[in-house]
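Me: I'd like to understand how the labels in a structure are earned. Could you walk me through a few of them?

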Amino acid sequence: TGIGSFPITYTYTNGTCTGTAVRNIVVSPLPTASFTGLGNQYCTSDVPVTLTGNPAGVTGRFSGPGITDFGNGTARFTPATSGLGLHQISYIYTTVSGCSDTSIQDVQVGTNVIIGGLNPTYCINSSDVSFSASPAGGSFTIISGLTDNGNGNAVFSPSTAGAGDHVIRYTFTDSYGCVNTQQFTVRVYALPVPSIQNLAASYCS
């Protein structure tokens, strides 16, 4: 049908008389949404940037990690709060007639760092644990009970670390110069101290 106003006609005949109903419908054009201000790559240490939607207005909305939408077709993207990795930022604009269009852009923030092979809790007498982080080539922050073997590999010793919470941090500098840090908290529990009460040292048979 295309865009514009179109009459819809319905005619009914009962064999003797004929009646006709006509109703006009309006087909509205779809908007074309886009936005500017977002680069392809950031470090988490980079300052926030302002995004501007087109068309702009109160019916334009931004969404995605690290986004603060201002409700007027503009927004702020903050790399530090978006998290590491590849993210999708969306801008949707809706016209007064209810038609909408969405624009999506990808943005890479640093390099996603993963620590794997650790459990969140251990007993103080648990065996030493070998674990790793990726990408390789970074380094662990040395704390009590942690041995960095290099190339993303390390060993955690619960008995050496002692009871309490221990934060494992791994830092990797990527080809963009971004310093990317991931952390994992391990809790080491002390052993319980059981006792037997109300039992005499000797009894008669």
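Me: How many aromatic pairs does the structure hold?
Reply: This predicted model holds 6 aromatic pairs.

Me: What makes the pair of Phe62 and Tyr91 tilted?
Reply: Their ring centres are 4.5 Å apart, and rings pair if their centres lie within 6.5 Å. The planes stand at 40°; under 30 degrees would count as stacked and over 60 as edge-to-face, so this pair is tilted.

Me: Which parts of the chain does that pair link?
Reply: Distant ones: Phe62 belongs to strand E6 and Tyr91 to strand E9, 29 residues apart. Phe62 and Tyr91 are both buried. Ring pairs also link Phe35, Phe62 and Tyr91 into a cluster.

Me: Why is the pair of Phe131 and Phe140 called edge-to-face?
Reply: Look at the angle: the planes are at 75°, and over 60 counts as edge-to-face, so the name fits. The centres of these two rings are 5.2 Å apart, and both Phe131 and Phe140 are buried.

Me: How do you know that E6 and E9 pair?
Reply: Two strands pair if there are at least two bridges between them. E6 and E9 have 4 bridges, in the antiparallel sense, so they qualify. In this pairing, Arg61 stands opposite Ile92 in E9.

Me: In what order do the strands of the open sheet come?
Reply: The order is E4-E10-E9-E6, with mixed pairing.

Me: Why is one side of E4 and of E6 left without a neighbour in the sheet?
Reply: Because E4 and E6 stand at the edges, each with a single partner strand.

Technical notes: Residues are numbered from 1 along each chain as its sequence is written. This is a predicted model: local features need pLDDT of at least 70, side-chain atom pairs count only at pLDDT 80 or more; totals for chains, interfaces and linings use all residues. Side-chain values use heavy atoms; hydrogens and water are left out. Helices (H or I, at least four residues) and strands (E, at least two) are DSSP runs, numbered from the N terminus. Buried means under 20% relative accessible area, exposed over 50%, partly exposed in between (1.4 Å probe, protein chains only).
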